[in-house]
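Trainee: I should like to go through this model step by step, beginning with the chain as a whole and then turning to particular elements. May I put my questions to you in that order?

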Amino acid sequence: LLPSDLRIIGLARRELSREEFIAQQYERLKTVIDGDAHWQSFADRLYYHCMDFSETEQYARFTRGWQPERMAIFYLATPPSLFGPICERLGEQQLLGKRSRVVLEKPIGHDLESSCTVNETVGRLVSEENIYRIDHYLGKETVQNLLVLRFANRFINTQWDQSCVDHVQITVAETVGIEGRWSYYNDVGQLRDMVQNHLMQLLCLTAMEPPSEFDPDAVRDEKLKVIRALAPVAPHHIVRGQYTESDDEVTYREDVGDPRSRTESYVALKCHVNNWRWSGTPFYLRTGKRLQARDSEINIVFKNTPHSIFGPDAGQQRNELRIQLQPNEGITLRVTIKEPGPGGMRLTDVPLDMSFAEALGDDADTPDAYERLIMDVVRGNQTLFMRGDEVEAAWAWTDPIIAGWEARGDVPKPYESGTAGPGDADVLMRRDGREWRGINP
Ligand code: BG6
């Protein structure tokens with residue numbers, strides 16, 4: 001899909017020769033590259049330069065042979081504090097023309113104020129339609145499928161509101177820990193690293209109104225309305241956790257080398273979308289590291305029928321739609337049926353189960369999230385990227401939670417690695433007479 005004369009130039013502080021850089025990429029890509037010839041034609045496009053981004057004169061190297069009529073994509077996978085300064089240097093060298101696109105990796109800032117600074121500084125030099133803020137969850141096939149499921153299946157959409165839905169659960173459970181990223185993660189924590197962006201996007205796609213068309217601004221306008229309708233989270237509606245040791249894993253504090261760290265590696269919370277569609281239907285979000293399984297799913301738990309004609313003893317069940325995002329992508333709808341057998345009318349629930357791999361075949365072309373998103377940048381399609389106002393609204397909702405923790409000197413609740421998280425997260429649910437669905441991929 002790539003243009004034949006496209007070049008990819010890696011830039012970082014580390015000293016590497018071009019050959020070393022190519023060998024490094026090969027290690028990462030060898031399992032997905034289709035044959036030596038493909039690899040060679042890709043490797044021929046790769047270059048590497050060691051660069052200190054604070055040194056203005058080093059940017060001059062891009063101006064040699066610069067052709068403003070050709071597209072240039074600057075992909076900034078740097079700390080967010082560098083987004084503005086790098087764009088300023090690129091601007092000074094006249095490298096941010098109409099055909100230049102800038103990709104910003106999440107997190108966009110650390111809080112509302114710093115994200116506004118990023119958006120303002122970058123926005124002074126690059127127009128919004130050339131800024132691509134990546135949240136790779138939007139590039140996942142099943143996450144996009146959520147939109148299709150909701151907006152291309154009429155029967156689903158008519159049941160999708162507070163009159164039918166009792167509550168929604170969104171879970172992103174990971175088995176990995178900090179994976180050597182301690183210097184970044186210990187300053188950030190799971191709320192900023194996962195909830196402010198990935199879970200927020202899943203919440204938006206679940207709760208948003210149908211946009212008039214699948215167009216970048218129409219989709220992002222609707223997502224923004226959801227974020228702006230989020231009520232502040234009450235302190236007793238949020239639980240933070242931090243993993244402790246298990247048989248073969250060390251504690252979070254040992255992982256980050258900070259024996260007093262109060263950074264959370266787990267968050268569970270209850271929130272409300274204050275609008276006509278969702279009034280009174282809570283959304284429960286949870287995400288954590290070192291949990292018992294890797295499992296991302298959305299559970300839509302429907303209300304009981306208004307009246308059971310089979311009587312209170314029949315065992316009325318609730319319908320439930322489980323959208324499994326990863327791994328084992330699929331959809332399960334639990335429906336109530338008659339338990340077979342003579343005697344009275346007893347009810348039970350059974351799954352209508354659809355695994356995408358079974359339905360579409362194992363060979364279905366499911367590109368990696370980044371593959372899809374990078375191609376969208378090349379093609380100029382911003383639908384699956386966050387707009388500046390969306391990111392700022394998400395921080396405006398997140399900041400008071402963090403300020404509350406700091407003001408109260410909150411200490412995360414310990415949970416053993418390999419479990420479902422701290423017991424207080426179950427209490428959060430039980431207080432409402434509900435329970436979390438299992439973490440089962
Ligand atoms: C990243 C977070 O954005 O997403 C990581 O910084 C997290 O902490 C990762 O592990 C999860 O992504 P995925 O695609 O493995 O679910």
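Trainee: What percentage of the 441 residues of the chain counts as buried?

Mentor: The model is a predicted one, and the share is computed from its atoms. A residue counts as buried when its relative accessible area is under 20%. Of the 441 residues, the share that meets this criterion is 46%.

Trainee: What radius of gyration does the chain have, and why does the value agree with a compact globule?

Mentor: For 441 residues, a compact globule would have a radius of gyration near 22 Å. The value for the chain agrees with this expectation, because it is 24 Å.

Trainee: Which elements are among those that cover the buried residues of helix α3?

Mentor: Helix α3 spans residues 83-92, and its buried residues are F83, G84, I86, C87, R89 and L90. The cover over these residues includes two strands and a helix, namely β3 (72-76), β4 (100-105) and α4 (112-125).

Trainee: How are helices α8 and α12 oriented to each other?

Mentor: Helix α8 comprises residues 216-229 and helix α12 residues 388-408, and their axes lie 9 Å apart. The angle between them is about 15 degrees, and angles under 35 degrees count as roughly parallel. The orientation of α8 and α12 is therefore roughly parallel.

Trainee: How many charged residues does the contact of α8 with α12 have?

Mentor: On the α8 side, the residues are R220, K223, L224, I227 and R228, and they meet D389, E390, A393 and A394 in α12. By class, this contact has four nonpolar residues and no polar ones, while the number of charged residues is five.

Trainee: Where does P327 lie, given that the peptide bond from Q326 to P327 is cis?

Mentor: The omega of that bond is near -20 degrees. The residue P327 is found in the loop between β11 (320-326) and β12 (330-338).

Trainee: Is E179 buried or exposed?

Mentor: E179 is not a glycine, yet has a positive phi of about 50 degrees. Its place is the loop between β6 (165-173) and α7 (182-207). Since its relative accessibility is 55% and the cut-off is over 50%, E179 counts as exposed.

Trainee: Is R290 buried or exposed?

Mentor: R290 also is not a glycine and has a positive phi, of about 55 degrees. R290 sits in the loop between β9 (282-288) and β10 (295-302). With a relative accessibility of 10%, R290 therefore counts as buried.

Note on methods:
Residues are numbered from 1 along each chain as its sequence is written. This is a predicted model: local features need pLDDT of at least 70, side-chain atom pairs count only at pLDDT 80 or more; totals for chains, interfaces and linings use all residues. Side-chain values use heavy atoms; hydrogens and water are left out. Axes are lines fitted to C-alpha atoms, for helices over the stretch in contact, and angles run from 0 to 180 degrees between N-to-C directions. Helices (H or I, at least four residues) and strands (E, at least two) are DSSP runs, numbered from the N terminus. Angles under 35 degrees count as roughly parallel, over 145 as roughly antiparallel, 65 to 115 as roughly perpendicular and the rest as oblique. Contact means heavy atoms within 4.5 Å. Ala, Val, Leu, Ile, Met, Phe, Trp, Tyr, Cys and Pro count as nonpolar, Asp, Glu, Lys and Arg as charged, and the others, Gly among them, as polar. The radius of gyration is taken over C-alpha atoms; the globule rule is 2.2 Å times the number of residues to the power 0.38. Buried means under 20% relative accessible area, exposed over 50%, partly exposed in between (1.4 Å probe, protein chains only).
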